[in-house]
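Thanks, everyone. I'll put the model up and walk through how a few of its helices meet.

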Amino acid sequence: MSNLSPHQNIGTKLNRVPRLWRAIIDKRLAPLELTQTRWITLYHLWRLGDGQPQCDLARVIGVEAPSLVRTLDQLAEQGLVERCPCDQDRRTKRIHLTPAAMPLLQQIDTVVKEAREEMLAGLSDGDIARLDDYLTRIEENGLAIQSRESDE
């Protein structure tokens, strides 16, 4: 791979870095007996705000809504989330965190923050802002390509 130009290598790195990041967090969360799917679901719900529609939560996590159902079932069995019908649309379920989830979420947040600090070590605030801008542009380009190709 060292003979590849940065243009050729960027896709590989864009794929590898998030997997590495999640693997580090997964290992550190292993004592809490949370699967990656469960902690990511809880963490996103917490960060988005309680009472998210199930379909919106699935979209943010990047999974199909039916795929999220099993995870939500497991989290509900653990007493960490509740699903309630939406007042405006009874077909829609809103996901709420239970009080039992809060201590767990504090632990998850601590682990995520520590991993973020370590993964971004050596980067200045300006570097991080530029990286965020570059990743946003790459994502926007990808979404535009997807949209264009779905119209074809």
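Start with helix H2, residues 36-48, and helix H4, residues 65-77: their axes come within 10 Å and cross at roughly 85 degrees. Keep in mind that this is a predicted model. Angles from 65 to 115 degrees count as roughly perpendicular. So H2 and H4 are roughly perpendicular to each other.

Who makes the contact? From H2, we have Thr37, Arg38, Thr41 and Leu42. Across from them in H4 sit Leu68, Thr71, Leu72, Gln74 and Leu75. By class, that contact of H2 with H4 holds four nonpolar residues, four polar and one charged.

Let me pick out one residue there. Threonine 71 belongs to H4. Is threonine 71 buried or exposed? Its relative accessibility is 6%, so threonine 71 counts as buried; the cut-off for buried is under 20%. Leaving out residues up to four places away in sequence, threonine 71 touches Thr37, Arg38 and Thr41.

Now H2 itself. The helix has 13 residues. From first C-alpha to last, H2 reaches 18 Å, close to the 18 Å expected at 1.5 Å a residue. Its buried residues are Arg38, Trp39, Ile40, Thr41, Leu42, Tyr43 and Leu45. Arg38 and Thr41 are names you just heard, as partners of threonine 71. After H2 comes glycine 49, with a positive phi near 115 degrees.

H2 has another neighbour. The axes of H1 and H2 also come within 10 Å, and they cross at roughly 100 degrees. That makes H1 roughly perpendicular to H2. On the H1 side, the contact uses Arg22, Ile25, Asp26 and Leu29. On the H2 side, look for Gln36, Trp39 and Ile40. The classes here are four nonpolar, one polar and two charged.

Last stop, H1. This helix covers residues 6-29, 24 residues in total. What span should we expect for H1 at 1.5 Å a residue? The answer is 34 Å, and the end C-alpha atoms are 33 Å apart, which agrees. H1 does have a kink of about 30 degrees, centred on threonine 12. Which residues of H1 are buried? They are Asn9, Ile25 and Leu29. Those buried residues pack against H2 and against helix H5, residues 101-119. Ile25 and Leu29 also appear in the contact of H1 with H2.

That's the tour. Happy to take questions.

Key: Residues numbered from 1 in each chain as written. Predicted model: local features only at pLDDT ≥ 70, side-chain atom pairs only at ≥ 80, totals over all residues. Heavy atoms only, no water. Axes fitted to C-alpha atoms, helices over the stretch in contact; angles between N-to-C directions. Helix = DSSP H or I, 4+ residues; strand = E, 2+ residues; numbered from the N terminus. Parallel < 35°, antiparallel > 145°, perpendicular 65-115°, else oblique. Contact = heavy atoms within 4.5 Å. Nonpolar A, V, L, I, M, F, W, Y, C, P; charged D, E, K, R; others polar. Expected span 1.5 Å × (residues − 1). Bend = angle between axes of the 7 residues up to and from the residue. Buried < 20%, exposed > 50% of the residue type's maximum accessible area, 1.4 Å probe, protein only.
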